[in-house]
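Let's take a look at one strand and its partners, and then at the pocket. Have the sequence and the 3D view ready.

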Amino acid sequence: MRTHKQTTLKGPATLSGIGVHSGNPAEITIRPAPANHGIAFLRTGTTHGNDRLIKAHHALVSATELCTVLGDVETGAVATVEHLMSALYGLGVDNALIEIDGPEMPILDGSALPFVQAIDQIGIATCDTPRRWLKILRHVRIEAGTSFAELRPIDRGFRLDVEIDFESPVIGRSRKAMDLSPATYRREIAGARTFGMMRDVERYWKAGFALGASLENTVAVGETAVVNPEGLRFQDEFVRHKILDAIGDLALAGLPIQGAYRSYCGGHRMNVGVLSALFADRANYAVVEAQGSRRETVLSELGVGLGIAAFAGDL
Ligand SMILES: [Zn+2]
């Protein structure tokens, strides 16, 4: 179970590697941050020399093509934030400042496992401030063709139910549902790697994507089999990675969610879209504060925890 106090890291954790889409190297340092700070990125090394502070918030998403991009590409953005966001959410880290010296997060091994290991090595500290949740109060659903994404109220916790259906016989149709906790995240989700079809690679390269992709960081799917010599980490690794991505995108709500998420053939665009639909109506959600393990206080009238005014300079 998640603690009812907010958390951060016990100290800084540094990782480096190349971006899967840009191929550019980047170094990141995940730093502790005070209670109610939330997750934010400090983009250094911009061409104009000014550092940009970018709150990890769905309203600041500027692109969802193949990965999730936060911030304005012209003045300083961070691409492919979803795997680190997923690791922080999955482990229950509420507050952190991520310094990054390039335009794209390092892809590392294509999963969230290196982030989880780095955070676990440093350790998680508990703050003396109650945790806040975003409680889903009404069913919110978006559709595009046959695909959909939705959020529903539930009594406790965060449940994910993700279904994929690819024309590729190697991936095919697959569905997985789970209740999220740090233990289930570590065991079932963190290690699932990003994947791509070999037949799409040339198209991605022409569009300037996947320039850093290799068998070291991507499960490459051929016509009849996985190309990677080591094979899959899980028999259903593809749908597990889609859950990993969904957690990372939904973490852009700015607070942990109490609710049930479900998607069919979703992706970054639909994950961010369902958050936009959720926040479009204040009756859809409440911000609640933990009061011991069973009680909660509703804070939504105060607008607490969702404000991005302090970061308006980055909009
Ligand atoms: Zn991913």
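## Strand 18 and its partners

Strand 13 (residues 147-152) and strand 18 run antiparallel, joined by five bridges. (Strands are DSSP E runs of at least two residues and helices are H or I runs of at least four, numbered from the N terminus; two strands pair if DSSP finds at least two bridges between them.) One bridge here links Glu-150 with Arg-262 of strand 18.

Keep in mind that this is a predicted model, where local features need pLDDT of at least 70, side-chain atom pairs need 80 or more, and totals for chains, interfaces and linings use all residues. Residues count from 1 along each chain as its sequence is written, and side-chain values use heavy atoms, without hydrogens and water.

## Parallel neighbours

Strand 14 (residues 158-165) runs parallel to strand 18, with six bridges between them. Leu-160 sits opposite Tyr-261 of strand 18. Strand 11 (residues 132-136) also pairs with strand 18 in the parallel sense, over two bridges, and Lys-135 has Gln-258 as its bridge partner there.

## Buried or exposed?

Strand 18 (residues 257-264) is largely enclosed by the rest of the structure, because seven of its eight residues are buried (under 20% relative accessible area, with a 1.4 Å probe and protein chains only).

## What lines the pocket

Helix 4 gives seven residues to the lining of the largest pocket, the largest share. That lining divides into 21 nonpolar, 14 polar and 11 charged residues (nonpolar: Ala, Val, Leu, Ile, Met, Phe, Trp, Tyr, Cys and Pro; charged: Asp, Glu, Lys and Arg; polar: the others, Gly among them). A pocket is an open set of points on a 1 Å grid over the protein atoms alone, where a 1.4 Å probe fits, with protein on both sides within 12 Å along at least five of seven lines; lining residues have an atom within 4 Å of a point.

Notes:
Buried < 20%, exposed > 50% of the residue type's maximum accessible area, 1.4 Å probe, protein only.
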